[in-house]
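User: I should like to learn how to read a structure of this kind, feature by feature. Please take me through it, giving the general idea before each case.

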Amino acid sequence: MGETLHIYHTNDVHSHFSNWPRIRALLKERKRWHEEAGGYVPHSRYW
């Protein structure tokens, strides 16, 4: 079976720092989803 690559894209958030906590929370949640499904999730200091 082939590998699956999940890409999460954010658009134009460079000056909207107030949104970063929500973005980080979403990425942490998705990381947990993928780990629970048995997927490989590389380590990142950001999430």
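Analyst: Let us begin with a single residue and its exposure. Leu-5 counts as exposed because its relative accessibility is 71%, and exposed means over 50%. Leu-5 is placed in the segment before H1. Please keep in mind that this is a predicted model.

User: Leu-5 and Tyr-40 are how many residues apart in sequence, and what is the C-alpha to C-alpha separation in space?

Analyst: Leu-5 and Tyr-40 are 35 residues apart in sequence, and their C-alpha atoms are 9.8 Å apart in space. Another such pair is His-6 and Lys-31, which are 25 residues apart in sequence and 10.0 Å apart from C-alpha to C-alpha. His-6 also lies in the segment before H1, and its relative accessible area of 45% makes His-6 partly exposed.

User: How many helices and strands does the secondary structure of the protein contain?

Analyst: The protein has one helix and zero strands. Helix H1 covers residues 20-36. With 17 residues, H1 reaches 24 Å from its first C-alpha to its last, close to the 24 Å expected at 1.5 Å a residue. After H1 comes Gly-38, whose phi is positive, near 90 degrees.

User: Which residues of H1 are buried, and which on the other side are exposed?

Analyst: The general idea is that an α-helix has 3.6 residues a turn, so residues three or four places apart point the same way. In H1, the buried residues are Ile-23, Lys-31 and His-34. Seen down the axis of H1, the buried residues fall within an arc of 75 degrees, so they line one face of the helix. On the other side of H1, Pro-21, Arg-22 and Glu-36 are exposed.

User: Why is Lys-31 classed as it is, and where does Lys-31 stand relative to Val-41?

Analyst: Lys-31 has a relative accessible area of 15% and is therefore buried, as the cut-off for buried is under 20%. Lys-31 and Val-41 are 10 residues apart in sequence, and their C-alpha atoms are 6.8 Å apart in space.

User: Is His-34 buried or exposed, and what is in contact with His-34 beyond its neighbours in sequence?

Analyst: His-34 is buried, because its relative accessible area is 18%. Leaving aside neighbours within four places in sequence, His-34 is in contact with His-6, Tyr-8, Gly-39 and Val-41.

User: How many salt bridges does the structure hold, and which residues form a salt bridge?

Analyst: In general, side chains of opposite charge can pair when their charged atoms come close. The structure holds one salt bridge. Arg-32 forms a salt bridge with Glu-36, and their closest N and O atoms are 3.3 Å apart. Both residues lie in helix H1, four residues apart, which is about one turn of the helix. As for exposure, Arg-32 is partly exposed, with a relative accessible area of 38%, whereas Glu-36 is exposed at 61% relative accessibility.

User: What percentage of the residues in the protein is buried, and what does its accessible surface come to?

Analyst: Buried residues make up 13% of the 47 residues in the protein. The accessible surface comes to about 4600 Å², and 55% of that surface belongs to carbon and sulfur atoms.

Key:
Residues are numbered from 1 along each chain as its sequence is written. This is a predicted model: local features need pLDDT of at least 70, side-chain atom pairs count only at pLDDT 80 or more; totals for chains, interfaces and linings use all residues. Side-chain values use heavy atoms; hydrogens and water are left out. Helices (H or I, at least four residues) and strands (E, at least two) are DSSP runs, numbered from the N terminus. Buried means under 20% relative accessible area, exposed over 50%, partly exposed in between (1.4 Å probe, protein chains only). Accessible areas come from the Shrake-Rupley method with a 1.4 Å probe; for residues, only the protein chains shown count as cover. Contact means heavy atoms within 4.5 Å. A salt bridge is a side-chain nitrogen of Lys or Arg within 4 Å of a carboxyl oxygen of Asp or Glu. The expected span of a helix is 1.5 Å times one less than its number of residues. The arc is that of the directions from the helix axis to the C-beta atoms.
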